[in-house]
Amino acid sequence: MTETYKPNDKERIGIFSSCIEDYLLLKEAIEGVDEIFNISIRLILMRKFYAPNDDVEIKKVLRSFMKLKEDSDCVDGAREMLREFDKYKKLPYISFEYYGQRMKGLGSLVDEVLYSTFLHGDVERLIRISRGPEGIYNAAMKIGAKDREKYLLEVYDYIKSNIDLEDCQKIR
């Protein structure tokens, strides 16, 4: 089995900032595309920032930031952002039963769409979304993209204002 390279804290911050810069370029490039496809593409691009197995998951990035800045006043702000992570990952505004599947917030609906059609072709999810009203998925996607992006960019701006990103982007 091949061992996977794990970035150190400084590298993680650098990779995160590079990914955000790419995200912003791609977001600009898809302006003018049909609204729901634009939203879907943005959610797909943001997935890595909310997925626990990704090196640039926001939780990991904030923890790395706190380690690098442990003697600084800015750690409290990072801790507060870390506490808010689950709110934006799950988007838990509502909880309900949907075609036999327990949905724990709008984030569950967003995942239903992303994993059924865009990312993995999950057949069970595809069947569920084909039965449901399109409007509920579109609403979840719009709110999910707006809220997740807002939080993501707040984290990025906070880190950027408190650390030298150029130095962090030098991968060893």
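## Nonpolar surface patch

Val33, Phe37, Ile41, Phe118 and Leu119 make a nonpolar surface patch of about 380 Å². The structure is a predicted model, and the values given here are computed from it.

Two helices, α2 (35-50) and α6 (106-119), each supply at least two residues of this nonpolar patch. One of the patch residues, Phe37, is found in helix α2. Phe37 has a relative accessible area of 46% and is therefore partly exposed. With that value, Phe37 passes the cut-off of over 30% relative accessible area that applies to patch residues.

## Salt bridge between helices α8 and α1

The count of salt bridges in the model comes to 10. One of the pairs is Glu149 with Lys27, whose closest N and O atoms are 2.9 Å apart. Glu149 belongs to helix α8 (residues 134-162) and Lys27 to helix α1 (residues 9-29), so this pair ties together parts that are 122 residues apart in sequence.

The two partners fall into separate accessibility classes. Glu149 has a relative accessible area of 9% and is buried, since the limit for that class is under 20%. Lys27, with a relative accessible area of 25%, is partly exposed.

## Salt bridge within helix α4

Arg83 and Glu80 also meet through their side chains in a salt bridge, at 2.9 Å from N to O. Both residues lie in helix α4 (residues 75-83), where they are three residues apart, about one turn of the helix.

Is Arg83 buried or exposed? Its relative accessibility is 59%, so Arg83 counts as exposed. The threshold for this class is over 50%. Glu80 is partly exposed, having a relative accessible area of 37%.

## Asp147 with Lys146, and a network

A further salt bridge joins the side chains of Asp147 and Lys146, with an N to O distance of 3.2 Å. Asp147 counts as buried because its relative accessibility is 9%. Lys146, at 56% relative accessibility, counts as exposed.

Elsewhere, Lys6, Arg12 and Asp55 are joined into one network by salt bridges that share partners.

## Summary of the pairs

Among the salt bridges described, Glu149 with Lys27 links helix α8 to helix α1, whereas Arg83 and Glu80 both lie in helix α4. Buried partners include Glu149 and Asp147, while exposed partners include Arg83 and Lys146. Partly exposed partners include Lys27 and Glu80.

Note on methods: Residues numbered from 1 in each chain as written. Predicted model: local features only at pLDDT ≥ 70, side-chain atom pairs only at ≥ 80, totals over all residues. Heavy atoms only, no water. Salt bridge = Lys/Arg side-chain N within 4 Å of Asp/Glu carboxyl O. Helix = DSSP H or I, 4+ residues; strand = E, 2+ residues; numbered from the N terminus. Buried < 20%, exposed > 50% of the residue type's maximum accessible area, 1.4 Å probe, protein only. Patch = residues over 30% accessible without salt bridge, like charges linked within 9 Å, V, L, I, M, F, W, Y side chains within 5 Å. Areas by Shrake-Rupley, 256 points an atom, 1.4 Å probe, with all protein chains shown as cover.
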